[in-house]
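Colleague: I would like to go through this structure with you, one point at a time. Please give the reasoning before the value or name.

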Amino acid sequence: LLFKQQDDGGFEAVSWHPLTLVDGVNAPLWGDFDDDGLTDVYLCRSGRNQLWRQVSPDHWENVTLVAQADGGSLDTIDGALFDADHDGDLDIFLVNADGPNELLSNNLDGTFRPLAVTSGLAGDNDASRQVLIADLDQDRDADIVVINEQPPHEVYLNDLGWNYHKASGFEEFTGSTIDAAVAGDIDADGTTEIFTVDASSDLKLWTASDEGRWQPRRLGNTGELGEGQNAVLALADVTGSGTPAILYNHGGAWVASGTDGRQLERIHVTTPAGDTALAAWTTVALDHERGPAVVAIDRSGELWLWLPGKGRHRFTAIELSGREDAAAATRSNASGIGTRLAARSGSNWSVATTFRETSTAGQSLTPVAVGLAGADRADFVAIDWSDGVYQTEIDLDAGQLHRIAEEQRQLSSCPLLFAWNGERYEFVTDIMGVGGLGYAVGRDLYAEPRSWEKLVLPPDALRAQDGRYRLKIVQAMEEITYVDSVRLVAYDLPPDWRMALDERARVAGSEPTGEPFFFRRERVAVSAINDRGEDVTDAVREADASGAPIGPLDERFIGRLVADHVLTVTLSETGGDTLAGAAEHPVLLADGWIEYPYSQTRFAAWQAGADYRSPTLEVRRKDGHWVRLLEGFGYPAGMPKRMTIALAGLDQDISALRLRTNEEIYWDRISIAYAEPAPAELRRHVPALVAAEVRRTGFPATAKGPQKQPRYDYDARAPFWDTRPFAGSYTAFGDAKELVRATDDALAIIGPGEEIHFEFEAIAGEPPAGWTRYIVIDAHGWAKDMDLYTRDGGSVDPLPTAGVASTDRDRLHARYNNRHAGGH
């Protein structure tokens, strides 16, 4: 049967719909499996299951065969659509009554693959009845509870990356007789509770002790079931108080009761709607003003609907989607399944999730009804999306449907560098991006962080004020920053000399040293053609934050292109004889920036078999032959800056070079310089560190250009942003000079909305006329974000170390790092 809601709120049976022609259906699972904005359905059947895609509004197509999603020829009596691996798409867990259970992983290409056996989720019992999805250990991922016909039941904690382990502390729960179970956070304390009912109709509340053991408390007896009725539990706010009631079968119909965690108090009692008991029922949000209704079907096939009655407080309805823009890369699933809401109205808090909050087989997809406890609006709603992103909304009026999409904002990158330019603190670029801690690049694979980064400041970026240079390292995202040391080094070069640093985010090839090199001769781009035949010469002649245009983006994965971006650059002539003979060494100079994928994105790409290919360099000799010189050598480390790499073995007779990558890199200027020994007249200065302070600074206003060029305005700062603190100890506000004056593994630690302000003694006098002063910032430290796939994301510990011997590290940490935060 399929019933469509009419304009008057009633339902009408539809007999012509293609879904009604499928026989043997036990339960439907509704959700947008391909993230195209249209709801699809997975039909759990006795026999091979079916996946139906809504290809256009109300136009359905059976894609089971192509999607490889039938789950085998078993009796699938329940299931769940949810993002099991938190990679942005919906996976499918199947509960089978006559065989092992299955988990179908969404490959993000329209196909699925079975993973239950390899992930340890097939189960030890061949007769299961229900699946329950909830975050049982408050670590922001989706855990799995399987209720079997007979104990033991199964509880699997999610370790991400398709890794699960059987949970400890659930021994009494898994050994109990359970006919139905439902999970939620009815007291809004941030922890999950489980309700169960057994064959004796005893209703129990399960909570975790301080030692992690799940223990029951009997709340009461739900009474006898009607003839042919099975036990059903649901959580729903039926009063508008913001606190869910427990709904359960009783006497052929259903009852709603409140609880204080110790006993039941009946709120509403129904009687059988007809001559037969109800076969199945569930809650459904149909009225944005008055909250949930109950829809049921009795054993004769008659449909019954209980609409909200009088006396309820007002509700607001929230419909969630993980995609704000259909063209944006995937973060959370488009159906918003797995999202957690915490809503405040006055002093009243309520918590809900978009996981199923009923034991009835199948899965609905309706708005979340939030009771407002007598208020006219939800003052504040905190949203935890399934990808771990935190978002807040304010002033959601009662009686309305609020469609909320996940904001496609930059959650993490690297600490930001601001410098006093004589008039204001101006954004320079990011820094310490190569020191990303726990950055996932695949399943259980992490990039090796580098504890230092050196950067040549742009001309005129740093000007003295009252005899001091002033810089700021600002943490403006949901990240934590560990700063070991910062120093400045200045180089005064005579006329015609220039310098750069041996610096890049390395993937392969020689290790960067950060050391300066000096040159007078440079071959610049005289023409540049991309893979689409477009002339982009002007884009790569000057470092002006206008890079060479890239090709189409892969909408599935942040920072990845559909096809390789190939840039062929013809170089100017060598300019005659070398200036330093055999001492000259060619070096690639490449200005640009990269759109980093998150740890979650890298895992999602890995499991879909989609790689990220770091730039490769080929050179064309004057005879026309192309030679591959460097394979996957790396890229500019984050926001606009210059990277370099020595071109060992490069002949003088090359005429062009070619860069190839499928990463979202915007090349801004390309050239080859010829490094020489430093000029004898070189003057080097090391300004002394005068002061360093940790400050609460807020969040600089941000914007992005058409090529995602970042812009930050320090003078326009917001005091708050949608970020959460990492759990642990931070550096106290105030003086931190002793922590950052030397590279000794003694760390100044700051979190979102904070900065370290540095002051250095200015160099006396200007360089001689015609000379150029280059100022280098030498920063040692690390950064870490709160991505679900980032190792140890969300906590300050463990503290990173470069292995520098320091007798003062512990003493300095005890003295300065005593500002504590509780985390998310």
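Colleague: Is serine 599 buried or exposed?
Modeller: This is a predicted model, and the answer rests on its coordinates. Serine 599 belongs to helix 4 (residues 599–607). Burial requires under 20% relative accessible area. Serine 599 has a relative accessible area of 0%, so the residue is buried.

Colleague: Which residues does serine 599 touch, not counting residues up to four places away in sequence?
Modeller: One of them is aspartate 787, which is 188 residues away in sequence. In space, the C-alpha atoms of serine 599 and aspartate 787 are 6.4 Å apart. With that sequence filter, the contacts of serine 599 are Gly438, Tyr439, Ala440, Asp787, Tyr789 and Thr790.

Colleague: How many salt bridges does the structure hold?
Modeller: Side chains of opposite charge can pair when their charged atoms come close. The criterion here is a side-chain nitrogen of Lys or Arg within 4 Å of a carboxyl oxygen of Asp or Glu. The total for the structure is 58.

Colleague: How many residues apart in sequence are the parts that arginine 356 and aspartate 78 tie together?
Modeller: The two side chains form a salt bridge with an N to O distance of 2.8 Å. Arginine 356 sits in the loop between strand 28 (348–353) and strand 29 (368–371), and aspartate 78 sits in strand 7 (residues 74–82), so the pair ties together parts whose separation in sequence is 278 residues.

Colleague: Are arginine 356 and aspartate 78 buried or exposed?
Modeller: The cut-off for burial is under 20% relative accessible area. Arginine 356 and aspartate 78 are both classed as buried.

Colleague: In the salt bridge of arginine 424 and aspartate 715, what does each residue count as by relative accessibility?
Modeller: The side chains of arginine 424 and aspartate 715 meet at 3.3 Å, N to O. This pair links parts of the chain 291 residues apart, with arginine 424 in the loop between strand 33 (416–420) and strand 34 (425–430) and aspartate 715 in strand 54 (residues 710–718). Arginine 424 has 28% relative accessibility and therefore counts as partly exposed. Aspartate 715, at 54%, counts as exposed.

Colleague: What is the distance between the closest N and O atoms of glutamate 453 and lysine 641?
Modeller: Glutamate 453 and lysine 641 form a salt bridge. Glutamate 453 is in strand 37 (residues 452–456) and lysine 641 in strand 48 (residues 641–646), 188 residues apart. Both residues are buried. The closest N and O atoms are separated by 2.9 Å.

Colleague: Why is strand 11 largely enclosed by the rest of the structure?
Modeller: Strand 11 (residues 128–134) has seven residues, and six of them are buried, so the rest of the structure largely encloses this strand. The number behind the statement is six of seven.

Colleague: Which residue in strand 12 stands opposite valine 131?
Modeller: Strand 11 and strand 12 (residues 143–148) run antiparallel and are joined by six bridges. Opposite valine 131 in strand 12 is valine 146.

Colleague: Which are the edge strands of the open sheet with the order 19-20-21-22?
Modeller: This sheet has four strands with antiparallel pairing. An edge strand pairs on one side only, which picks out strand 19 (233–236) and strand 22 (264–269).

Colleague: What is the bridge partner of valine 255 in strand 22?
Modeller: Strand 21 (residues 253–259) pairs with strand 22 in the antiparallel sense, over five bridges. The partner of valine 255 in strand 22 is valine 269.

Methods: Residues are numbered from 1 along each chain as its sequence is written. This is a predicted model: local features need pLDDT of at least 70, side-chain atom pairs count only at pLDDT 80 or more; totals for chains, interfaces and linings use all residues. Side-chain values use heavy atoms; hydrogens and water are left out. Helices (H or I, at least four residues) and strands (E, at least two) are DSSP runs, numbered from the N terminus. Buried means under 20% relative accessible area, exposed over 50%, partly exposed in between (1.4 Å probe, protein chains only). Two strands pair if DSSP finds at least two bridges between them. Contact means heavy atoms within 4.5 Å.
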